[in-house]
Amino acid sequence: MALILRFFTCLVLTVCIVESVDAAISCGTVARQLAPCASYLWRGGMMIPSCCAGVKKLNDMAQTTLDRQQACKCLKAAAQGINPSIASSLPGKCGISIPYTISKNTNCDTVKTDMFPP
């Protein structure tokens, strides 16, 4: 439980740190969509269906380059406190393809809308 609380604390702090510019996606939105994934992101193991539903919804919501860059920045900041290999595998486990790795080393400024398959 303490680990889950720490994960959400990181996401809340991320909301304050990451600029939202003109993006419609906020780190709060990212946190809400990925909340069902918290246990999986900390410990691995079995993923619950609501986790993948949140991942898919977040992917569908991020339609513009700014949205995708903002979501990437939120994920990058959140990845600071969780298992990096589990974080990077999350989209693929949910059947979502993104052209970058969820990692603290990702350059989110290079993410563009045309990088994503329709």
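## Exercises on helix α4 and the core

Not counting residues up to four places away in sequence, Val30 touches Ile25, Leu58, Ala71, Cys74 and Leu75. Contact here means heavy atoms within 4.5 Å.

The model is predicted, so local features need pLDDT of at least 70 and side-chain atom pairs pLDDT 80 or more, while totals for chains, interfaces and linings use all residues. Residues are numbered from 1 along each chain as its sequence is written, and side-chain values use heavy atoms, with hydrogens and water left out.

**Exercise 1. Describe the fold in outline.**

Step 1. Take the secondary structure: six helices and zero strands. Helices (H or I, at least four residues) and strands (E, at least two) are DSSP runs, numbered from the N terminus.

Step 2. Read the order from the N terminus: α-α-α-α-α-α.

Step 3. Turn to burial. Of the 118 residues, 44% count as buried. Buried means under 20% relative accessible area, exposed over 50%, partly exposed in between (1.4 Å probe, protein chains only).

Step 4. Check the contacts with a separation of 6 or more: residues 24 or more positions apart account for 74% of them.

**Exercise 2. Find the faces of α4 and the partners of its buried side.**

Step 1. Set the limits. Helix α4 covers residues 49–61, 13 residues in total. From first C-alpha to last it reaches 18 Å, close to the 18 Å expected at 1.5 Å a residue. The expected span is 1.5 Å times one less than the number of residues.

Step 2. List the buried residues of α4: Cys51, Cys52, Gly54, Val55, Leu58 and Asn59. Seen down the helix axis, they fall within an arc of 155°, so they line one face of α4. The arc is that of the directions from the axis to the C-beta atoms.

Step 3. Look at the face turned away from the buried side. It carries the exposed residues Pro49 and Asp60.

Step 4. Name the packing partners of the buried residues: α2 (27–34), α5 (65–78) and α6 (84–93).

**Exercise 3. Place Val55 and Val30.**

Step 1. Val55 is found in α4. Val55 is buried, with a relative accessible area of 9%.

Step 2. Leave aside neighbours within four places in sequence. Val55 is then in contact with Gln33, Leu34, Cys37, Leu90, Pro91, Cys94 and Ile96.

Step 3. Compare positions. Val55 and Val30 are 25 residues apart in sequence and 8.9 Å apart in space, C-alpha to C-alpha.

Step 4. Go to the largest nonpolar core, which has 30 residues. Val30, Leu41 and Leu90 have the most contacts inside it. At least two residues of this core come from each of α2, α3 (38–43), α4, α5 and α6. A nonpolar core is a set of buried Ala, Val, Leu, Ile, Met, Phe, Trp, Tyr and Cys residues joined through side-chain atoms within 4.5 Å.
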